Amino acid sequence: MSSTNPFTPVTVGPAAQGISELPATLRLGAVHLTVTDLDRSVAWYQSALGLRVHRHDVDTAALGDGTEEVLVLHEDSTARQPGRTSGLYHYALLFGSREELARTALRLAAAKAPIQGASDHGTHEAIYLPDLDGNGIELAADRPREQWPTPEEEFTGDGPKRLDLDALLATVGGEELSPQVRPGLRVGHVHLHVGDIAAGLAFYRDVLGFEVWAKMPTAAFVSAGGYHHHLGFNTWRGEGAAPMPEGIVGLRHWTIVLETPAEVEEVRARVRAAEIDSGDVPGGFAVTDPFGMAVHIVAAAG
C-alpha cells in the first residue's frame, strides 16, 4: 500500500474512539426528494426504474416495491438547481438480487435513460444515473458478504472495476421485459456532498454512532454492523462548501430505521448530550447535520 496514494483509506473502529455504536440491525428508510414536476417524475420512476406508486397526492408521491416505500417525492415548481454547496450526491436503491438489477438495466435501456457510469466495487455492483431533476441515483446489488474486499482492497489501486454488463444481463437472458420491480427493494445507502470530513465524522460517528468503514482525505464511508456503507460523504464540491440552502432540488431528508423506540431514544440522548437541536417526527426524531441536511431517526413500525 503506497503511502503517497491520496486515496489510501484508514479504517477506524468505533471502540477505539470510545463511541457508542448504532445497532447492527439498522436499516435505511425512505429518501425524501424535492422535484419540480411531480407527475413527470412519478411517470419517469415508473417507466425507467419500475417503481410502484404507493400513494399519489396533490404535491407528494411515495414509491417503492409494493411493500415498502423507498422514495417520497415532494413537488416544488420553483425549486432551483443546487450549486456547489453541501447536498445530495446520490442515493442508492439496493435490489435483492443481481437479477433484479439486471431487469432494471433493461428497463433503463427501453426508457432510453441516460447512464452516467457503471462499476463493480467488489462489495456491490452499481449503475449510476440522474433523475429528470438531476438527483443522483445509484442502482445496486450487493455481492455475498464473504466475497467483499477489505476497505484497503476496495479503495486503493485504480478505483472500481468496470461493471461487466454482459454478465449481469445474462442472469435474465431470455426473459420478457418486466415493467415493475419485484418485492425486496430497499434504500442501500445515501451519499452526500459536505464541507468538511472531520465535521462529518464528528456528527455521524461521534454523535450518531456509525462505524467508519473507510476514511480518505476527501471522503468517508460509515455504516452499522460491518456493512460496507450506509452513508458516504465527500468534499468533492470543495473544502468548506456552504451548507445546503433552502429552495433547491434535491434532498429533503433521509431516514434511519432502528428496531425499537428504546434504540431511538438512546441515539437521541447522545444528540441532546452534544447540545444539538432535534425535533419530534412520527416514530422518532429529526436532526440536522452540520451541513444543513436532515436525517430522521425512527423506530420500525410495529
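This is a short tour of a predicted model, stop by stop, with something to select at each one.

**Stop 1: the largest pocket**

Start with Tyr 89, His 90, Tyr 128, His 191 and Trp 236. Show them as sticks and centre the view on them: of the 42 residues lining the largest pocket, these five lie nearest its centre. The space in this pocket comes to about 760 Å³.

Now colour the elements around that space. Two or more lining residues come from each of β6 (87–95), β8 (124–130), β9 (136–142), α4 (151–155), β11 (186–193) and β12 (211–216). If you colour the lining by residue class, you'll get 20 polar, 17 nonpolar and 5 charged residues.

**Stop 2: the second largest pocket**

Next, pick Gly 29, Ala 30, Thr 255, Val 257 and Val 298. They are the closest to the centre of the second largest pocket, among the 18 residues that line it. About 400 Å³ of space lies in this one.

Which strands should you highlight here, as suppliers of at least two lining residues each? Go for β5 (69–75), β15 (250–258) and β18 (294–299). As for the character of this lining, the split is 9 nonpolar, 5 polar and 4 charged.

**Stop 3: Val 264, in α7**

Keep Val 298 on screen and add Val 264, since the two are in contact. Val 264 belongs to helix α7 (residues 261–273). Buried or exposed? Its relative accessibility is 2%, so Val 264 counts as buried; the cut-off for that label is under 20%.

To see what surrounds Val 264, select Leu 258, Gly 283, Gly 284, Phe 285, Ile 297, Val 298 and Ala 299, which are its contacts once residues up to four places away in sequence are set aside. Try a distance label to one of them: Gly 283 is 19 residues away along the chain, and its C-alpha sits 8.8 Å from that of Val 264.

Stay with α7 for a moment and look at the loop between it and β16 (278–281), where you'll find Glu 275. Glu 275 has a phi near 60 degrees, a positive value in a residue that isn't glycine. With 74% relative accessibility, Glu 275 counts as exposed.

**Stop 4: Tyr 204, in α6**

Now move to helix α6 (residues 197–208) and click on Tyr 204. At 0% relative accessibility, Tyr 204 counts as buried. What does Tyr 204 touch, leaving out residues up to four places away in sequence? Bring up Leu 192, Gly 209, Phe 210, Leu 231, Phe 233, Trp 254 and Asp 289. You can also draw a line to Pro 290: 86 residues separate it from Tyr 204 in sequence, and the C-alpha atoms are 9.8 Å apart.

**Stop 5: where α2 crosses α3**

Show helices α2 (residues 38–49) and α3 (residues 98–111) as cartoons. Their axes come within 7 Å and cross at roughly 120 degrees, so the two helices are oblique to each other.

For the contact itself, add side chains. On the α2 side, select Ser 47, Ala 48 and Leu 49; on the α3 side, they meet Thr 104, Arg 107, Leu 108 and Ala 111. By class, this contact has 4 nonpolar residues, 2 polar and 1 charged.

Then pick out Arg 103, also in α3. Where does an arginine with 8% relative accessibility fall? Arg 103 counts as buried. Apart from neighbours within four places in sequence, the residues in contact with Arg 103 are Val 172, Glu 175, Ser 178 and Arg 182. For contrast, label the gap to Arg 40: it is 63 residues away in sequence, with 22 Å between the C-alpha atoms.

Follow the chain into the loop between α3 and β7 (117–120), and stop at Lys 112. Its phi is near 55 degrees, another positive value in a residue other than glycine. Lys 112 has 75% relative accessibility and so counts as exposed.

**Stop 6: past β18**

Finish in the segment after β18, at Ala 301. At 77% relative accessibility, Ala 301 counts as exposed. For a last distance label, try Ala 219: it is 82 residues from Ala 301 along the chain, and 33 Å lies between their C-alpha atoms.

Methods. Residues numbered from 1 in each chain as written. Predicted model: local features only at pLDDT ≥ 70, side-chain atom pairs only at ≥ 80, totals over all residues. Heavy atoms only, no water. 1 Å grid on protein atoms, 1.4 Å probe; cavity = no way out; pocket = protein on both sides within 12 Å on 5 of 7 lines; lining within 4 Å. Points joined across faces, edges and corners; volume = space filled by probe spheres on them. Helix = DSSP H or I, 4+ residues; strand = E, 2+ residues; numbered from the N terminus. Nonpolar A, V, L, I, M, F, W, Y, C, P; charged D, E, K, R; others polar. Axes fitted to C-alpha atoms, helices over the stretch in contact; angles between N-to-C directions. Parallel < 35°, antiparallel > 145°, perpendicular 65-115°, else oblique. Contact = heavy atoms within 4.5 Å. Buried < 20%, exposed > 50% of the residue type's maximum accessible area, 1.4 Å probe, protein only.
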